[in-house]
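Please open the model in your viewer, with a cartoon for the backbone and the option to show side chains by selection. The stops below are meant to be visited in order.

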Amino acid sequence: MQRTSRLKRELQLLSAEPPPGASCWQTEGRLDQLQAQIVGGADTPYEGGVFTLDINIPERYPFEPPKMRFLTPIYHPNIDNAGRICLDALKLPPKGAWRPALNISTLLTSIQLLMAEPNPDDPLMADISSEFKYNKPLYLEKAKKWTAEHAIQKNKGCVVTEEKTPENKNKKTAHKREALSAQENLEHTKKVCM
């Protein structure tokens with residue numbers, strides 16, 4: 001009961017006042033299964049990326065931390081290939097720093113901070129950690145490449161409208177398309193991409 005009422009309050013707060021650069025919502029109307037998105041911070045190799053996370057709320061929440069993992073691949077020393085995150089706030093004491101006073105919003109903010117400031121001394125990915133410590137330009141290049149490949153939203157569609165021309169005054173049509181087609185080459189066509 002405590003878990004349900006607390007989660008409802010947290011979700012209302014996340015909806016009304018989300019942390020900057022983050023959002024969180026229920027999946028399939030279930031309170032114990034959430035998803036979140038974090039926008040890569042400015043001046044980081046993740047800038048411009050949108051990273052999706054899966055959040056599983058345990059039965060003993062808030063006395064036990066949520067299980068969080070990245071669904072979007074990310075090149076980071078503290079996040080492994082399965083998306084698991086090495087962050088003290090996601091672990092119970094004595095090894096971790098989770099306490100019931102923390103909430104999903106503070107965890108999302110902590111993950112944003114971890115993205116901006118990796119902790120190479122407590123890595124999940126030893127090779128990336130070594131790269132971060134000893135060859136930072138290579139680490140930054142790879143992290144930017146992964147962000148571009150996996151986290152930057154691609155332009156998926158265009159709205160095509162026909163412009164008014166003297167011989168075509170009354171014709172105003174607009175249709176959405178997922179992929180580009182031969183119709184784009186028609187005369188009097190204007191593309192507005194979203």
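How many of the 7 residues of strand β3 (residues 50–56) are buried? Select that strand: 6 of its 7 residues are buried, so β3 is largely enclosed by the rest of the structure. Here buried means under 20% relative accessible area, exposed means over 50%, and partly exposed lies in between, with a 1.4 Å probe and protein chains only. Helices (H or I, at least four residues) and strands (E, at least two) are DSSP runs, numbered from the N terminus.

Before going on, note that this is a predicted model, in which local features need pLDDT of at least 70 and side-chain atom pairs count only at pLDDT 80 or more, while totals for chains, interfaces and linings use all residues. Residues are numbered from 1 along each chain as its sequence is written, and side-chain values use heavy atoms, with hydrogens and water left out.

**The neighbours of β3**

Keep β3 selected and add strand β2 (residues 30–39), which pairs with β3 in the antiparallel sense over 7 bridges; two strands are taken to pair if DSSP finds at least two bridges between them. Within this pairing, A36 stands opposite L53 of β3. Next add strand β4 (residues 67–70), which runs antiparallel to β3 and is joined to it by 4 bridges. L53 has F70 as its bridge partner in β4, and D54 has R69 as its partner in that strand.

Now show the side chains of β4. In a regular strand the side chains alternate between the two faces of the sheet. In β4, M68 and F70 point to one face and are buried, whereas K67 and R69 point to the other and are not buried.

**The annotated cysteine**

Move on to C86, in the loop between β4 and α2 (104–116). The UniProt record, an unreviewed entry, places the annotation "active site" on C86; such annotations may be inferred rather than shown by experiment, and their positions are given in the numbering used here, with feature names shortened. The relative accessibility of C86 is 11%, so C86 counts as buried. If neighbours within four places in sequence are left aside, C86 is in contact (heavy atoms within 4.5 Å) with N78, K91, L114, D122 and L124.

**Helix α3**

Select S129, which lies in helix α3 (residues 126–134). S129 has a relative accessible area of 4% and is buried. Setting aside neighbours within four places in sequence, its contacts are P77, P120 and P123.

**Helices α1 and α2**

Then display helix α1 (residues 2–16) together with α2: the two pack at an angle of about 55°, with their axes 9 Å apart. The axes are lines fitted to C-alpha atoms, for helices over the stretch in contact, and angles run from 0 to 180 degrees between N-to-C directions. Angles under 35 degrees count as roughly parallel, over 145 as roughly antiparallel, 65 to 115 as roughly perpendicular and the rest as oblique, and α1 and α2 are therefore oblique to each other. Show L7, E10 and L14 in α1, which meet I104, S105 and L108 in α2.

Still in α1, select K8, which is partly exposed with a relative accessible area of 48%. K8 and L31 are 23 residues apart in sequence, and their C-alpha atoms are 7.8 Å apart in space.

**The whole chain**

Finally, zoom out to the chain, which has 4 helices and 7 strands in the sequence pattern α-β-β-β-β-α-α-α-β-β-β. Of its 194 residues, 41% count as buried.
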